[in-house]
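Hello,

Here is the structure we talked about handing over. Please open it beside this message and follow along.

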Amino acid sequence: MGTVLSAADARRAALRAQGLLGAVDRRAGVPGVLRLLGAVQLDTISVLARSQELVPFARLGPIGRPAIHSAYWSHEPGAARTFEYWAHAACVLPVEEWPMMALRRRHYRARGGVWGNEVISAATLAEIVGRLAAEGPLTTTELGGARKTPGWWDWSEVKVAVERLLATGEVVCVERRGWRRVYDLPQRAIPAHLLHDDLDDHACTVRMIALAGRALGVATRSDLLDYHRLKPQARFEALAEEAGLAPVEVEGWGRQAWADPAALAALESGAGGRHRTTLLSPFDSLVWERRRTERIFGFSHRLEAYVPKAERVHGYYAMPLLHGGRLVGRVDPAREGGTLIGRQVSMATAKAVRPMARALREAAAWVGCDAVRVEAVTPVELAPALRAALAAEG
């Protein structure tokens, strides 16, 4: 039998690997968080802030939002530090992982000129590349427009074509203006020593599994594959071994798991540290995989933004509350002028009241709100205590 971990050990390993337990090197800032996680998911929804801002906030505290934007999208020519690509979903990744994504670029190239349900003309693809070469980095608007009609997904031919070029690696995004992608040629943006597809599919897969193991701490096969959305792999055990992960058993999991050696070393040393009390983005990598979240935290997490309003249970953009290494509540936030509103707040027990108040106050100050108001509270008998705690925190 290999190493046996308790469920509590596995939870601590997961939190430490995600930068939510123990000291986080604040000097490394947002780039350090990105390297730790390997990928930060991007999303268009902005309620409290955009998800890619909430992820470093959860780990570093109220870091300036301009600093987050700069860390992701401000680069010197030919020296990009990050790039956008399809990892778990649309993500920003450290530029060092450009070679690893050769597997996915080859997959998209194999589709040829077909993208989605459309066939893209070679002339359109060549025109976009030619314009970028001649004019420098451009947005879709500057290339000719993103949409045929105001509909969100009614993309123009130019938009479809440039997204295909992005997926195949013929163009790259290392900058955003506002929320618009700025497209460039990889040979102009990516550092020369990284600009290659030399890694074969096997090497890319092993690298993805190794990074997933490091970011998750302890994980099952499905957890490790989900991190970069890899397909099921034959001889997975051999891949995990090649990735440097150690087979372990976790009490109560009922399935094989693997651990990153650094996670095991931290457990062996008895490393402690401070737990973060914070609200998490619904797209935070700690809770990417719903079954893993339930297995580790006993917490059912689901983004309900795309669920009909009448069918929502916890609200449009419910953010889990992390405290003491556990998920102990959630809040569906909104903003109204200088007030942060908890439209729907739920807490597991009365012990979550003060952490919820503290997290709401910290988040409010971070986004420039000077007041907090809560509306619906579950269980309702905790509402007076929460309002009193908010007043005390303020």
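Which backbone oxygen does the side chain of Arg164 reach? That of Gly112, at 2.9 Å. Please keep in mind that this is a predicted model.

**Arg164**

Start with where this residue sits. Arg164 belongs to helix H8, which spans residues 157-168. Its relative accessible area is 9%. The cut-off for buried is under 20%, so Arg164 counts as buried. Besides the backbone oxygen of Gly112, the Arg164 side chain has a side-chain partner. That partner is Glu170, in a polar contact at 2.9 Å. Leaving out residues up to four places away in sequence, Arg164 touches Gly112, Gly113, Trp115, Ile120, Leu125 and Glu170. Gly112 and Glu170 thus appear in that contact list and also as polar partners of the arginine, Gly112 through its backbone oxygen and Glu170 through its side chain.

**The sheet**

Next, the strands. Three of them make an open sheet, in the order S2-S4-S3, with antiparallel pairing. Strand S2 (40-41) and strand S3 (82-86) are the edges, and each pairs on one side only. S3 pairs with strand S4 (residues 90-94) over five bridges, in the antiparallel sense. These two strands form a hairpin, with three residues between them. To find the register, look at Tyr85: Cys91 in S4 stands opposite.

Is S3 mostly covered or mostly open? Mostly covered: four of its five residues are buried. So S3 is an edge strand in its pairing, yet four of its five residues are buried.

**Leu199**

Now move to a loop. Leu199 lies between helix H9 (186-189) and helix H10 (201-216). Is Leu199 buried, partly exposed or exposed? Its relative accessibility is 28%. Buried needs under 20% and exposed needs over 50%, so Leu199 is partly exposed.

What does Leu199 contact beyond its neighbours within four places in sequence? The list is Pro99, Met100, Ala102, Arg106 and Cys204. Met101 is also worth locating. Leu199 and Met101 are 98 residues apart in sequence, and their C-alpha atoms are 8.9 Å apart in space.

**The cavity**

How many cavities of 30 Å³ or more are there? The count is one. The largest cavity has a volume of about 50 Å³. Its lining is Leu216, Asp223, Asp226, Tyr227, Ser285, Leu286, Trp288, Glu289 and Arg292. Helix H11 (residues 221-227) gives the largest share of that lining, three residues. By class, the lining has four nonpolar, one polar and four charged residues.

**The second largest pocket**

Last, an open space. The second largest pocket holds about 220 Å³. Leu103, Arg104, His107, Tyr108, Asp201, Arg229, Leu230, Lys231 and Gln233 line this pocket. Which helix supplies the largest share of the lining of the second largest pocket? Helix H5 (residues 102-109), with four residues. The pocket lining divides into three nonpolar, two polar and four charged residues.

**For a quick look**

Begin at Arg164 and its side-chain contact with Glu170. Go on to the hairpin of S3 and S4. Then find Leu199 in its loop between H9 and H10. Finish with the cavity of about 50 Å³ and the pocket of about 220 Å³.

Best wishes

Definitions and conventions. Residues are numbered from 1 along each chain as its sequence is written. This is a predicted model: local features need pLDDT of at least 70, side-chain atom pairs count only at pLDDT 80 or more; totals for chains, interfaces and linings use all residues. Side-chain values use heavy atoms; hydrogens and water are left out. Two strands pair if DSSP finds at least two bridges between them. Buried means under 20% relative accessible area, exposed over 50%, partly exposed in between (1.4 Å probe, protein chains only). A polar contact is a pair of N or O atoms within 3.5 Å; within protein, one must be able to donate a hydrogen and the other to accept it, and residues adjacent in sequence count only if both atoms are side-chain atoms. Contact means heavy atoms within 4.5 Å. On a 1 Å grid over the protein atoms alone, a cavity is a set of points where a 1.4 Å probe fits but cannot get out, and a pocket is an open set with protein on both sides within 12 Å along at least five of seven lines; lining residues have an atom within 4 Å of a point. Grid points are joined across faces, edges and corners, and a volume is the space filled by probe spheres set on the points. Ala, Val, Leu, Ile, Met, Phe, Trp, Tyr, Cys and Pro count as nonpolar, Asp, Glu, Lys and Arg as charged, and the others, Gly among them, as polar.
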